[in-house]
Amino acid sequence: MPRVYNFSAGPSCLPEEVLKECAQEMLDCNGTGQSVMEMSHRSAAFEPIIAHAEQQVRKLMNVPDNYKVLFLQGGGSTQFAMVAQNLAIHSGKAAYIQTGVWAKKAAAEAKKLGVQVDIIASSEDKNYSYIPRVEKIAGGYDYAYICFNNTIMGTHYEYIPDTGSIPLVADISSCVLSEELDVSKFGLLFAGAQKNLAPAGVTLVIIREDLITETPRAGTPTMMCYKTHADNGSMYNTPPCYTIYVLGKVLDWIERNGGAAGMHRRNVEKAKLLYGYLDSSEFYHATAEAGSRSLMNVTFLTKYSDGAKDEAGLAKEKAVNAQFVKQAEAAGLVNLKGHRLVGGMRASIYNAMPIEGVKALVEFMKQFAAENA
């Protein structure tokens, strides 16, 4: 069966040449006669693999020397707790900008741990279809928190809030290395790998060294302390070795294709094509407001989602959406169903999605609109 175009929000598509490289090395990586899946994480065979992954992160993201690069487990959801446990240790207060499901969950997790969470801005009033503008954050906060790109709602920050001396924490899971980002403006960045970096299983954390504390919040488990992992080179326990190996391969692919700047050019081209069609269409429309739109996750509805939400209208909308997803899959365009909180469709066009995939999607959308208008 030919490969499909995978528009999943995550786990997402990976560069085909990386998959082929991994396949070739499955039984013998670097002449060791073994797969990375079999290697001891403390062996001489694995040591250069994790070192290379860190080196590439530092190079491609221009990570300053006073930041640690960590490879952890538990995904972004575990970081919701780790951030609060390790950073909310002075005033016990944190500022959150609530722009969607993941920022809301992160705030809720911090509250569970006894942190005083101030929601200083929110776009919930319009179902998180935009990013509120907060130019400056001040106050006695231990940290400020944002989710830089919102997979479910299809929104993205076009600016970085000025937090002064307050450490800025950002979840960049769904936009890491899709654009250039000034790491020095953040105290901590984290990203689940399964969007732009690797298969699910490893979480990248970049943290300024002064935020790695000896004394996190009382009761914090050993595994939830950043210092535990920083002091042990991300190998306090067995790390997700194979995922780190693939991550290194993906980073090499990104470097060969122009680095973060090259990815951004590629992503802008794809997004312009898809948003351009949506904005010109009478059958579809994008859900995210212009000026807050994600380059990674494009959410859209059909005309049947407009108007009165009576029972018949909702049934029609649901039927059309299901038909769209089914016919798209038959055409080799998979995982386009939108999240239940937005409805409609969602096309995730991460770094590895080629422009040909977006062109194929737009052509399918035109045909579907003509047949259902």
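At roughly what angle do the axes of helix 1 and helix 6 cross? Let's find out, keeping in mind that this is a predicted model.

**Stop one: two helices**

Select residues 16-24 for helix 1, then add residues 241-256 for helix 6. Their axes come within 10 Å and cross at roughly 135 degrees. Angles over 145 degrees would count as roughly antiparallel and 65 to 115 as roughly perpendicular, so this pair is called oblique. The crossing is right-handed.

Now show the side chains where the two helices meet. On helix 1, pick Glu17, Val18, Glu21 and Cys22. Across from them, on helix 6, pick Tyr242, Tyr245, Val246, Lys249, Val250, Trp253 and Arg256. Try colouring this contact by class: you should get seven nonpolar residues, four charged ones and no polar ones.

**Stop two: the sheet**

Next, switch to the strands. Seven of them make an open sheet with mixed pairing, in the order 2-10-9-8-5-3-4. Going from one strand to the next, the twist averages 15 degrees. Select 67-72 (strand 2) and 116-122 (strand 4) to see the edges. Each has a single partner strand, so one side of each has no neighbour in the sheet.

Stay with strand 4 and add strand 3, residues 93-98. These two run parallel and are joined by six bridges. For one pairing to click on, take Gln98, whose bridge partner in strand 4 is Ser122.

**Stop three: a helix across the strands**

Finally, select residues 75-87, which is helix 3. This helix lies across strands 2, 5, 8, 9 and 10. Highlight strand 9 (188-192) too: helix 3 runs at about 160 degrees to it.

Conventions: Residues are numbered from 1 along each chain as its sequence is written. This is a predicted model: local features need pLDDT of at least 70, side-chain atom pairs count only at pLDDT 80 or more; totals for chains, interfaces and linings use all residues. Side-chain values use heavy atoms; hydrogens and water are left out. Axes are lines fitted to C-alpha atoms, for helices over the stretch in contact, and angles run from 0 to 180 degrees between N-to-C directions. Helices (H or I, at least four residues) and strands (E, at least two) are DSSP runs, numbered from the N terminus. Angles under 35 degrees count as roughly parallel, over 145 as roughly antiparallel, 65 to 115 as roughly perpendicular and the rest as oblique. A crossing is left-handed if the near helix is turned anticlockwise from the far one by less than a right angle, and right-handed if clockwise. Contact means heavy atoms within 4.5 Å. Ala, Val, Leu, Ile, Met, Phe, Trp, Tyr, Cys and Pro count as nonpolar, Asp, Glu, Lys and Arg as charged, and the others, Gly among them, as polar. Two strands pair if DSSP finds at least two bridges between them.
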